[in-house]
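This report describes the packing and surface of one protein chain. The sequence and structure come first, then the text.

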Amino acid sequence: MGFTISDDLLGTFVPIFVYWFYSGIYVLLGFFENYRLHSKKDEDEKNLVSKSTVVRGVLFQQFIQAIVAIILFKVTGNDDGSVAVPKSWPVVVLQFLTAMFVLDTWQYFAHRYMHHNKFLFRHIHSQHHKLVVPYAFGALYNHPVEGLLLDTVGGALSFLVSGMTPRVSIFFFSFATIKTVDDHCGLWLPGNLFHVLFRNNTAYHDVHHQLYGSKFNFSQPFFVIWDRILGTYLPYSLEKRAGGGFEARPKIE
């Protein structure tokens, strides 16, 4: 009998591997100063937390997420232990879109509330904004409570509401992880399909991390629907930055 790994375990740990692998690529690309939204000097001087602290914080959040994922897969799995087989491709596509909408909706309202509630911002969400200059592996650097409420609960809801199987979730959460890392990478690279296909992208989220944009662009990680509908959309223009690279500047439409 050959060695096999269950969909449950793959759905739990593949997105974690993808997070660090994809982040590592951006660490290597970060030396291309002409494509950065902030200089390397600003990244080192303006951020209020060390990279070693960020790594520890992300690993702790992923540990909690892994526990919740294992429990979720166990509770929702088939009683006889059989593997749930994904349905037809149109159904899988619909599940993807549903999960994207559910995750976006949950994160928009929870994220926005954490900005408008002074206690929650001061004691919880401000931890993420210690990264004034975002970088790839800081994407999931949050207070543990925020990591649980926004990311873990949001992910669980998108899984349950969409009705996807653990096998489909491997691909969905890996995709969501890549998108989240990309939004925080701080690089505007030519040919990046996320920048072409999504208005919610690296520059869009960078605006939110700046002081002038902290009350705008709450949407994450896929669309800008809720920002558009509820008046928190702040458009930007991408300008050449003195010394090389780019800068996202707010503009009035």
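## Annotated region, cores and surface

Over residues 97-232 the chain is 60% helix and 0% strand, and the end C-alpha atoms of this stretch are 23 Å apart. The model is a predicted one. In UniProt, an unreviewed entry annotates residues 97-232 as "domain: Fatty acid hydroxylase".

The largest nonpolar core has 35 residues, and the members that touch the most others are Tyr-19, Tyr-26, Val-54, Phe-172, Val-181 and Phe-222. Two or more residues of this core come from each of α1 (7-29), α3 (51-76), α4 (89-116), α6 (144-162) and α7 (166-183). A second, separate core holds 11 residues, including Ala-203, Val-207, Val-224 and Ala-248.

Beyond four places in sequence, Tyr-26 contacts Ala-136, Val-181, Asp-182, Cys-185, Leu-187, Leu-189 and Asn-192. With the same neighbours left aside, Ser-169 contacts Gly-11, Phe-73, Phe-159, Met-164 and Ser-174. The C-alpha atoms of Ser-169 and Ala-66 are separated by 13 Å, although these residues are 103 apart along the chain.

Is Phe-60 buried, partly exposed or exposed? Phe-60 has a relative accessible area of 41%, so it counts as partly exposed. Phe-60 also belongs to a nonpolar surface patch of about 500 Å², made together with Phe-63, Ile-67, Ile-71 and Val-75. Ser-169 counts as buried because its relative accessibility is 0%.

| Residue | Helix | Relative accessible area |
|---|---|---|
| Phe-60 | α3 | 41%, partly exposed |
| Ser-169 | α7 | 0%, buried |

Definitions and conventions
Residues numbered from 1 in each chain as written. Predicted model: local features only at pLDDT ≥ 70, side-chain atom pairs only at ≥ 80, totals over all residues. Heavy atoms only, no water. Core = buried A, V, L, I, M, F, W, Y, C linked by side-chain atoms within 4.5 Å. Buried < 20%, exposed > 50% of the residue type's maximum accessible area, 1.4 Å probe, protein only. Helix = DSSP H or I, 4+ residues; strand = E, 2+ residues; numbered from the N terminus. Contact = heavy atoms within 4.5 Å. UniProt positions renumbered as here; feature names shortened; annotations may be inferred. Patch = residues over 30% accessible without salt bridge, like charges linked within 9 Å, V, L, I, M, F, W, Y side chains within 5 Å. Areas by Shrake-Rupley, 256 points an atom, 1.4 Å probe, with all protein chains shown as cover. Salt bridge = Lys/Arg side-chain N within 4 Å of Asp/Glu carboxyl O.
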